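Visitor: I would like a close look at a single part of this protein, with the reasoning spelled out as we go. Please take the aromatic residues as the subject, and then place them against their surroundings.

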Amino acid sequence: MVGMIFTLPDKQRLVRLLCQDNISDMEGLVFRNYDESAYISPLRLIYAIRAMRLSEREIILLRQANAQVRIDSCSHRSPCIVLVIGESYNRHHSQLYGYALPTTPKQMARAKSGQLTAFTDVISSWNITTNSFNQMFSLHHYGSSRPWSSYPLFPILFRKAGYRVAFLTNQFARHANRSRSNQTGGFFINDQKLFDDLFDLHNRRQRHDDMAFLNAHLEMLKDGADYRLDIIHLHGQHFDYASRYPVKETVFTTADYQQRHLSDDELQVIAHYDNATRWNDTVLEKILQFYEDQEAVVVFLADHAEEVYDDLPVKGRIYAELTARQVRQEFEIPFWIWCSPSYAVCHPDVVSLIQASAQRPWMTDRLPHLLLYLAGIGHSDYDGRLSLIGPQADCKEPRIIEGIADYDTLIDGN
Ligand SMILES: [Zn+2]
């Protein structure tokens, strides 16, 4: 029986898959189709049991790490901190980062006014949403001495420090039924106990359009809390791009890309992506307007970037051995910080630090350390070198994407 032939490469791939000691690395191999090496029923069962046990063990360890959290101090440096997480955002399609077409006119205007500082050298740690979220939420970073699951997740530290923590997500549906190891939205968000420990406020419904989502939920953030951490997670430029913006907001057509040697269908994909990027610009402006009259600092980033027929003739993301061309398109993300007018008046020191750090190399697995700096929260796992801004923020540690490849070495080699 052909189906029963189990080749040596299959065996090696299966062993590597089963030997992973954390769910993110296993997920990375699943995206590279390593699970196909378990193609007969007994092997599928072994793999499924291994994945489930790994996931359960990490949840138990995470619960323990979060239950034991104590903070050392909190200065409440920023009373209102907002984290906006975009989706599948290739910064090379952002006008703010030099793209030739006007995809981000509102962010451009904010930058011109001096309120918004665009960081030029920020990358995501993964090109897989779940894994990127796991790293963005955990005080673990690539270079940490302990396993990921032994570190706390940043929202719990904010709650301990007296911040009201809200999580508005237009993507993650919380499912108790976990039939796959890829549980959309960071698997920890699907654990009821952890979820309840992390957030005071959250939405129960999503909307197809990010603007409709904001219109339905932003007001719930006005709850009068003295200290607030608002996490807003958008659908952004998630495929398929054509459905991410209202038809009446179409600005770009295939005529805008006639110098590109691509098929009409491919040119249309680029036009849809750029239209979605421009609509996202309007959505982000809506968020900034909401915080305009508050003493607020807003951090925007994306979970990862996206291929849109640029260096490589593909769209989406590819899961193979990492190359410089792929990394440029799939990991180089937009990252900016906006300070409201009253925040800038009250915190000129922070504004100066932000502006002075705009060219600093950074990776999103270090995000909690920036947020803790903005709040002035002290904790034994806080590392000021990783915080991007601040007196100690001059990190020389390599940026190891997916925990395996040095981004700068990869890029410099090409
Ligand atoms: Zn994503």
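Guide: Before the aromatic residues, it helps to settle the surroundings, and to keep in mind that this is a predicted model. E87 is buried, and T129 is buried as well; both are among the protein donors of the zinc ion, together with D303 and H304, at 1.9 to 2.8 Å from the metal. The pair E87 and T129 joins distant parts of the chain, since E87 sits in the loop between strand 2 (80-86) and helix 4 (105-112), while T129 belongs to helix 5 (residues 129-137), 42 residues apart.

The sheet is open and consists of seven strands in the order 3-11-8-2-7-5-6, with mixed pairing. Strand 3 (116-119) and strand 6 (201-202) are at its edges with a single partner strand each, so one side of each lacks a neighbour in the sheet. Strand 3 pairs with strand 11 (residues 335-339) in the antiparallel sense, over four bridges, and within these two strands A118 stands opposite W336. Helix 9 (residues 264-291) packs on the sheet, where it touches strand 2, strand 7 (228-233), strand 8 (296-302) and strand 11, and its direction makes about 160° with that of strand 8.

Turning now to the aromatic residues, the structure holds 17 aromatic pairs. One of them joins F154 and F158, whose rings are 6.2 Å apart centre to centre with 75° between the planes, an edge-to-face arrangement. Both residues lie in helix 6 (residues 154-160), four residues apart, which is about one turn of the helix. F154 has 0% relative accessibility and therefore counts as buried, and F158, also at 0%, is buried for that reason too.

A further pair is formed by Y163 and Y227, with ring centres 5.7 Å apart and planes at 50°, so this pair is tilted. Y163 lies in the loop between helix 6 and strand 5 (164-169), and Y227 in the loop between helix 8 (210-217) and strand 7, so the pair ties together parts that are 64 residues apart in sequence. Y163 is buried, with a relative accessible area of 3%, whereas Y227, at 30% relative accessibility, counts as partly exposed.

These four residues belong to one aromatic cluster, which also includes F133, F137, F167, F172, F195 and F199. Elsewhere, aromatic faces meet charged side chains: R13 lies over the face of Y34, at 4.1 Å from the ring centre, and R77 lies over the face of Y373, at 4.1 Å from the ring centre.

Terms used. Residues numbered from 1 in each chain as written. Predicted model: local features only at pLDDT ≥ 70, side-chain atom pairs only at ≥ 80, totals over all residues. Heavy atoms only, no water. Donors = N, O, S within 2.8 Å, 3.2 Å for Na, K, Ca; no water. Buried < 20%, exposed > 50% of the residue type's maximum accessible area, 1.4 Å probe, protein only. Pairing = 2+ DSSP bridges. Contact = heavy atoms within 4.5 Å. Axes fitted to C-alpha atoms, helices over the stretch in contact; angles between N-to-C directions. Phe/Tyr/Trp six-rings, centres within 6.5 Å; stacked < 30°, edge-to-face > 60°. Lys NZ or Arg CZ within 6 Å of the ring centre and 35° of its normal.
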